[in-house]
Amino acid sequence: MAHILDRRLQLLIILSHAFIGVGLLFLQIYHVRTVFEVKTNFSHLSKLEREALFTSEQGLYYSFYKRIAEAKSFSGGLEKLINDNLTEYPSTINSIHKFHIYPEILAAFLYKQYVNLTMYMGVSSRSCWTTLRSHEMTTHMDCDGLGEPIHFYLEFIWWTAGLTVLFLYLFGTYLSNHVFGGIATVIYYFVLHENASRVTEFPMARENFATLFIVWQMFYLTMCIARLSVKTTKWNATKILTQNYIMIIKLSLLTAAAHMCWQFSAAIFATQTIVIFVLVELEWLPQDFVLNYSLAHVLANISCYYGMFGNRYFFLSINHSLIVALIFFLLFRNMERGEVQMSKPKRFIHDLCFFISITYFVSDITDRMSVSSRKDSSEDINGHFINLFLTKFGLKLPNLVELLYLCNSSYAFLDTETLVQYITVFSPKLVPVTLTFFAVKFYLGRRKKRPEAEAIERAKNYVTEDFMEENLVTLQNLSNPKTTAELKNCLDLLEKCDYDYERYKVEKAKINPKSEEKKTFLYDVEKLRNEGKRNAAGEGKKAQSAKSGSKAKFHDAPAQEKVENPTEKSTSKQLETFYLYNLLQALFFFYFALAVAKLKFILTPFICLNAAILPPRRWFLDSTIRIYWVLTLMPLLSSIVYPGLRNMQEQYSPASVDNYELEELLEWINHNTETNAVFAGPMDITPMVLVATKRPIVNHPHTEFLDMKERTRIVYAIYGKQQSAEIYNELAKLKVQYVILSRRDCFLYTSNGCKMSDIWDFLIPEAKNNPRFCADLFQASVPNFLKAFINKKFLILQIFSTVQLELNRKKIII
């Protein structure tokens with residue numbers, strides 16, 4: 001009967017967690033969907049206006065989804081991505097191999113299934129109407145509902161964000177061992193939503209998909225670490241091996257999913273590998289577990305390699321080098337440790353240097369092996385990130401692409417406003433918790449539990465016997481007043497040491513240092529005692545004296561307790577291990593976010609997680625539970641009031657979106673250019689040309705690829721001060737027919753906050769006094785560059801040779 005009640009209770013707990021978690025999931029979906037609608041008025045926009053919202057990388061990723069969604073079949077759409085001649089014209093590339101677009105493939109597959117299901121059931125999946133655009137005074141057909149590709153795609157993104165919150169809740173509940181820990185994690189996440197997620201501002205950003213699997217993977221790894229404390233002595237070898245296989249497979253699947261969503265996941269998991277190395281070096285994790293962890297990552301990299309059609313970036317990433325180095329380190333660790341004895345600090349430094357050396361060696365070998373057989377430039381992304389890091393800290397002269405990256409606020413250092421937000425939200429929690437922790441430590445240090453009467457009497461006997469041995473006092477001499485006073489001083493010192501005999505001996509040695517002869521004599525006595533104990537243990541007899549036996553029993557009591565309760569210390573240590581893992585992981589994320597502001601969207605969820613579980617519930621007794629709730633609830637409520645309410649008001653405040661000039665440009669391209677016309681232009685504009693007009697483009701925002709770096713240099717040279725003939729020749733080699741110029745980039749500042757003229761003056765100082773070529777294109781006529789379209793923000797130039805210019809002059813619309 002009791003067993004049935006336990007099962008029912010467990011089922012009730014699971015259902016309650018599921019109910020709360022699903023409720024938070026739908027709350028997040030409603031929140032992000034509403035904020036996005038408030039900011040963009042998305043449901044009232046035309047199809048062109050909606051697509052014009054997705055600038056830069058967003059437009060590129062949406063174009064991949066759109067090609068599959070609008071294809072006749074899912075397999076036909078995949079074929080278009082595998083043989084893609086629109087994204088990097090005139091090259092034909094495999095977009096699945098080159099870009100991390102599995103979220104778009106999954107969303108398009110689900111969309112196809114949804115449309116087929118609604119058609120089969122005869123259910124309408126969308127509603128359409130005509131609207132009047134105020135700018136053009138023309139009517140347009142607008143549609144809404146999940147049957148519309150863009151709506152289904154966004155709904156897919158909102159559900160991904162909701163699942164992320166669900167796993168954060170489960171993660172916080174597991175770490176704190178209390179449902180309130182999970183709820184507090186989600187509350188902090190909502191308070192800092194603008195710093196925790198880009199989903200409402202950039203819905204199609206890669207980290208929006210990867211964060212779900214990163215949180216899930218680290219949640220599962222935390223569970224695996226915690227389970228190390230569970231007794232497995234009754235398990236047979238087959239069951240242990242099965243559990244290890246399950247861990248490797250699950251961990252590898254979650255890691256591979258995060259990798260295939262975001263190229264930066266390799267750097268994220270590199271920090272995890274470093275944390276695991278630190279824990280195994282401190283002997284907080286067993287080597288077998290770390291070896292399984294390493295094998296899971298190797299299996300994940302192999303899966304990604306084949307899943308992305310042989311993309312070797314995963315084998316060239318820093319995380320793979322760290323994993324291979326960790327495996328070699330584990331294999332040689334025990335062998336090398338048996339030969340050399342070192343102190344722990346020296347051992348840690350030695351092993352750290354050894355680990356770094358192996359990592360560098362593996363990275364260098366894999367890079368050298370890949371250079372000669374490298375298929376395309378997509379396999380040099382690791383070098384791009386390293387060069388970007390070196391440039392950021394002034395260790396390398398930058399090129400054009402690196403300067404454009406450094407101008408981007410996402411790749412700048414973490415801004416002070418975000419740090420102030422962190423301090424405002426978490427200082428009311430961390431400061432009281434820290435003060436309480438040290439106060440409790442101080443109080444426990446000053447007031448320890450008084451030993452039992454038997455232990456006190458035993459310690460007094462030891463001190464008395466030691467006093468008699470050291471001073472050659474007999475029982476008859478104990479009545480001497482001087483001797484009695486000296487013995488009383490020793491007993492008073494024992495009382496000050498809380499009747500801890502070992503501590504008493506240390507304090508006694510400080511007060512009254514022994515002479516060398518007495519030290520030697522006592523050492524010989526102790527040696528004889530130990531030899532007698534070993535002989536007695538070997539013969540199986542208890543032939544020790546009453547004093548020796550009692551002392552041995554007293555000294556060995558802690559060891560006996562450990563033998564009687566072998567899991568007590570292990571359990572405590574392992575519980576602390578997964579706390580320590582998550583703390584170290586958050587610290588590494590904090591360091592990364594300081595260097596690259598974009599990574600604050602990974603840092604913030606883990607800061608919320610660690611802040612929510614402090615202070616741990618197990619620090620408090622039932623009599624002090626009120627202190628726990630005060631330290632937990634008061635800071636949480638204060639963060640909700642400020643800055644939580646203010647942040648929510650800012651998120652729900654409407655924003656005006658006016659892209660009329662961009663929409664005008666896209667409309668002109670649709671109606672006045674050939675369907676195979678080739679375009680080049682600013683990186684934030686060309687993806688929208690690809691999405692809205694389906695025209696081929698030669699450059700896009702993914703400038704981490706070597707060939708795209710060169711193409712970006714060629715296209716952006718139009719904003720420099722080079723000769724027109726040189727620019728024309730390079731654009732002609734790429735078969736560019738139309739070039740889009742941005743007035744802002746030419747005369748003001750780029751979208752990243754840098755001035756293109758200053759960048760080119762830095763790169764080509766000898767041309768500093770030349771006139772800007774883009775200014776001539778806006779203000780005058782230039783041979784081979786004919787103005788085809790112009791408005792307040794953009795200029796489209798059609799590129800002609802001299803012969804083509806004479807033949808086609810009448811066909812150009814100005």
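Which residue stands opposite Phe679 in β4? I looked it up at the start: the residue is Tyr738. A caution for my own notes is that this is a predicted model.

**Entry 1: the sheet**

I traced the strands around that pair next. Four strands make an open sheet, ordered β3-β4-β6-β5, with mixed pairing. The edges are β3 (679–680) and β5, each of which pairs on one side only. I then went through the pairings one by one. β3 and β4 run parallel and are joined by two bridges. β4 (residues 738–742) pairs with β6 in the antiparallel sense, over five bridges. β5 (residues 785–790) also runs antiparallel to β6, again with five bridges.

Tyr738 turned up a second time here, since its bridge partner in β6 is Gln798. On the β5 side, I found Ile790 opposite Leu795 of β6. β5 and β6 form a hairpin, and I noted three residues between them.

**Entry 2: strand β6**

Is β6 mostly covered or mostly open? I checked residues 794–799, and six of the six are buried. I also sorted the side chains by direction. Phe794, Ile796 and Gln798 point one way, while Leu795, Leu797 and Ile799 point the other way. That fits the usual pattern, as side chains in a regular strand alternate between the two faces of the sheet. Both sets are buried in this strand, and Gln798 is among them.

**Entry 3: odd backbone spots**

I went looking for unusual backbone geometry, bearing in mind that most residues other than glycine have a negative phi and most peptide bonds are trans.

Asn784 has a positive phi of about 75 degrees, and it is not a glycine. I placed Asn784 in the loop between α34 (773–779) and β5. Its relative accessibility is 18%, so Asn784 counts as buried, the cut-off being under 20%.

Asn177 also has a positive phi, about 60 degrees, without being a glycine. This one sits in the loop between α7 (149–176) and α8 (179–191). Asn177 is exposed, with a relative accessible area of 70%.

Which prolines are joined by a cis peptide bond? I noted Pro90, which follows a cis bond from Tyr89 with omega about 5 degrees. Pro90 lies in the loop between α4 (74–82) and α5 (95–98). I also noted Pro643, joined to Tyr642 by a cis bond with omega about 10 degrees. Pro643 is found in helix α27.

**Entry 4: helix α27 and two surface patches**

The cis bond sent me to α27 (residues 625–651). I found a nonpolar surface patch made of Val630, Leu633, Met634, Leu637, Ile640, Val641, Tyr642 and Leu645. Together these residues have about 730 Å² of accessible area. Tyr642, from the cis bond to Pro643, is one of the patch members. I looked at Leu637 in particular: it is in α27, and at 47% relative accessibility it counts as partly exposed.

Glu650 is in α27 as well. I found Glu650 in a patch of negative charge on the surface, together with Glu194, Glu201 and Glu417. Glu650 is partly exposed, at 38% relative accessible area.

**Entry 5: salt bridges**

How many salt bridges does the structure hold? The count I have is 19. I went through some of them.

Arg198 bridges to Glu207, with the closest N and O atoms 2.6 Å apart. Are these two buried or exposed? Arg198 counts as buried at 10% relative accessibility, and Glu207 counts as buried at 2%.

Arg347 and Asp351 meet in a salt bridge at 3.7 Å, N to O. Why can the two be about one helical turn apart? They are four residues apart in helix α16 (residues 344–371), so about one turn separates them. Arg347 and Asp351 are buried.

Lys488 and Asp492 form another bridge, the closest N and O atoms being 3.2 Å apart. Both are in helix α21 (residues 481–496), four residues and about one turn apart. I have Asp492 down as partly exposed, with 29% relative accessible area.

My last note is on a network: salt bridges link Lys47, Glu70 and Lys694.

Key
Residues are numbered from 1 along each chain as its sequence is written. This is a predicted model: local features need pLDDT of at least 70, side-chain atom pairs count only at pLDDT 80 or more; totals for chains, interfaces and linings use all residues. Side-chain values use heavy atoms; hydrogens and water are left out. Buried means under 20% relative accessible area, exposed over 50%, partly exposed in between (1.4 Å probe, protein chains only). Two strands pair if DSSP finds at least two bridges between them. Patches are made of residues with over 30% relative accessible area and no salt bridge: like charges are joined within 9 Å, nonpolar side chains (Val, Leu, Ile, Met, Phe, Trp, Tyr) within 5 Å. Accessible areas come from the Shrake-Rupley method with a 1.4 Å probe; for residues, only the protein chains shown count as cover. A salt bridge is a side-chain nitrogen of Lys or Arg within 4 Å of a carboxyl oxygen of Asp or Glu. Lys and Arg count as positive and Asp and Glu as negative; His and the chain ends are not counted. The place of a charge is taken as NZ of Lys, CZ of Arg, CG of Asp or CD of Glu.
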